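Hi,

Here is the structure I promised to pass on. Have a look at it first, and then read on for what I found.

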Amino acid sequence: MAKVIFTPWKDQSQLLAVRTQFYPPPMYEVPDMRSRACATVAAWKLRGNLPHPVEATALLTDAILHDDAKKNSIFSIRATYSAAFCRFVTSLVDSKLGGQRKTMFQRAIDLGLPASFVELRHEATHRELPTLTVLRNAAQRSLEWLWDFYWAKIDLHVAFAPGAGALGAMDGVDDGVDGEMELLKAAARASLDQVTGEAGASEPPRKKRRVQRLAGVATQLVSVCKSSGKGSGAVSRVLLEDSVLVPAGRRLGMSMDEKFAKWDYFLQVVTDGYPAFLTALTEAMVDALGSATKDDAHCEGIFMWLDHILGSTQWESKRRLLSFAYVLSACEQNSNYWTGMLKERIRKEDNDLSSVPGSDGQLSGKDKTAPQSLYTGTNDDVKTLKSLGWEAVDTWDSRPLGITADAIPRINLRFWRFIIYLPSSMSFTRAIRPFIGFSSRYQYRSVPAQAQHIRAMHIQSIPMWTGKGNNYAYLVTDEPTKQSAIIDPANPPEVTPVLQSQIKEGKIDLMAIVNTHHHWDHAGGNEELLKVFGKLPVIGGKDCKYVTKTPSHGETFKIGERISVKALHTPCHTQDSICYFMQDGEDRVVFTGDTLFIGGCGRFFEGTAPEMHKALNETLASLPDDTKVFPGHEYTKGNVQFCLAVSQSEPIKKLEAFAEQNQQTQGKFTIGDEKLHNVFMRVNDPEIQKKTGKTDPVEVMAALREMKNAM
């Protein structure tokens, strides 16, 4: 019998519209619509039958919008956050809810809700209200959890709702595994139709509009991936089966550059939203090559995609997600011309990754080829693997991938040196599939650094001359290898004890000194540190004391195994100023010295306004918006006062509130934040132009600097 469900919205499109207002997709360039979404949900609440996740999203979002110290007291803000968070958690895990009687913690486990949410709810209800920092973090984490729990899954309901078009196409599909896969593929096709139909349009869309459309569709595909363990596989198969990535009728020898240019950005957005997608896509490509012949033009195109992903700079930061073990084993099982080519390509890639320690682009250090023990998990973990037909030698390649099985935190399946023996009756695909996303207990996922036994990139701030210069030195450590670099250690009496303590405890292996520019309060400690710690490379601008290496603009090197560093020349404050953009997987940071501060920029001691404009609004502004900013000084309180004198925007007011409550702001804001609250990065904003009386961006930059100097 059909089940009638009454909803407070008239049709699913209204629910999707509210979701977009709560969670705007990438490249979203319209006004903030969250308050309107909250008002809509309030109206739905009056109609009844409002799902709790929708109400909770509105309450938490409203608490964030209420977070304005200019309009509301701090106690009021804390109380609003607490009320929203407690209602969100209690309605999910209340022990008095219907069904089997369980504790709140048991219900949380059943739902996949972090146990820390239950603990924080108890604290907020029965003890002192938590601090604003804790509550803000909890609200953000709650919204992320609600996305995965509810909002990411509503696309499938839309795709298969009456009148949506997809359901009719699925008539006669049986329930079960194959039926679920076909439903997921239909949802993926419905999303992709929005962009694959562009070729037939009478007028090509403008580039900006097309990028926005691609980003929106990519977000929908991320939802499909997250909705099921088979989601990423379904999306990958559609991309290949429907000739999206490789054109139908392709001939041997045809270039794929046009397809790369069209789909690289799109595929990377999907990968950013759901990292396991890239593994699923490459595995689907390898599977497609399994039965190919040398003169198969379509398979040549698939091979060219794999070669592009493995070798191009566009995919460099994403390659850590690839499952080389599966790819190589599949090539061994299905040997032909294309799999042989692919096998050699992967071996070359692995040799590149295992470059000799001390070679260009790699800080010298410990031997990375030294084997480590496999048995870092429990005996039960190993028994579980054996029960499924797995055996492993006791050594394996030590380089971490950054993804892990829930029950096997440190087993790395990326490299083929992890040897797997299979029962004669079991294919490799059958054996490994349960561990790469198609089974509940051992499902792979992208793992946040703080949840791991091995964290990725660790950054320790070392304040110097507090109350005077308010400088920062930064110790950056690649945790798997312990290899570290110290950035701008200008005051040895404050820096040296920290380094000596960590070296003594075995926490770091100091490999280099890095300077952002030559000023004494950044590079003045080089001589003393070299006396204490011996001969170390000194990486920095050409005028830095004892410099041994000045990287060119855009040149990259590594700290340890995982942290890639790109040097960005930003001359103005000094002519040898260099910012360092670092990335480890999805973690991105930039050390900006005296070029960019939180809410401000450095003085133009050796440069001009055009140079600072290029440094801030071209070089640094081009970094991903989620890149965290680590400046050379704690100047935020003074900077925000100047910003307020120029603009009374909400982001600036929020920065002011944060600065009033926190002594340190380094690493708390991103490049995206700076574009909103830093007036030196808003030189094209009419409000800032009106304040300065200039319209040319360079002239606005010069006027702002003069105004700041006069304060």
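Gln 483 in β7 has Asp 509 as its bridge partner in β8. That bridge belongs to a parallel pairing: β7 and β8 (residues 509-514) are joined over five bridges. To get from β7 to β8, the chain passes through helix α20 (residues 492-504), and this β-α-β crossover is right-handed. Before I go further, keep in mind that this is a predicted model.

β7 itself covers residues 483-487, and five of its five residues are buried. Side chains in a regular strand alternate between the two faces of the sheet. Here, Gln 483, Ala 485 and Ile 487 point one way, while Ser 484 and Ile 486 point the other way.

What about the other neighbour of this strand? β6 (residues 471-478) pairs with β7 too, in the antiparallel sense and over five bridges. Leu 475 sits opposite Ile 486 of β7. Four residues lie between the two strands of this hairpin, and Lys 482 there has a positive phi near 70°.

Zooming out, these strands are part of an open sheet of five, in the order β5-β6-β7-β8-β9, with mixed pairing. β5 (457-464) and β9 (538-539) are the edge strands; each has a single partner, so one side of each has no neighbour in the sheet. β9 runs parallel to β8, with two bridges joining them, and Ile 513 stands opposite Val 538 in β9.

Two helices to look for on this sheet:

- α20, the crossover helix, lies across β5, β6, β7 and β8 and runs at about 145° to β5.
- α22 (residues 526-533) packs on the sheet and touches β7, β8 and β9, with its direction at about 160° to that of β8.

Further along there is another open sheet of five strands, ordered β10-β11-β12-β13-β16, again with mixed pairing. Its edges are β10 (556-559) and β16 (628-631), each with a single partner strand, so one side of each is left without a neighbour in the sheet. From one strand to the next, the twist averages 25°.

Within that sheet, β11 (residues 563-569) and β12 (residues 578-584) pair in the antiparallel sense over six bridges, and His 569 is opposite Ile 578 in β12. Helix α23 (residues 609-620) packs on this sheet, touching β11, β12 and β13 (587-593), and its direction makes about 145° with that of β11.

Cheers

Key:
Residues are numbered from 1 along each chain as its sequence is written. This is a predicted model: local features need pLDDT of at least 70, side-chain atom pairs count only at pLDDT 80 or more; totals for chains, interfaces and linings use all residues. Side-chain values use heavy atoms; hydrogens and water are left out. Buried means under 20% relative accessible area, exposed over 50%, partly exposed in between (1.4 Å probe, protein chains only). Two strands pair if DSSP finds at least two bridges between them. A crossover is right-handed if, with the strands pointing away from the viewer, the path from the first strand over the helix to the second runs clockwise. Contact means heavy atoms within 4.5 Å. Axes are lines fitted to C-alpha atoms, for helices over the stretch in contact, and angles run from 0 to 180 degrees between N-to-C directions.
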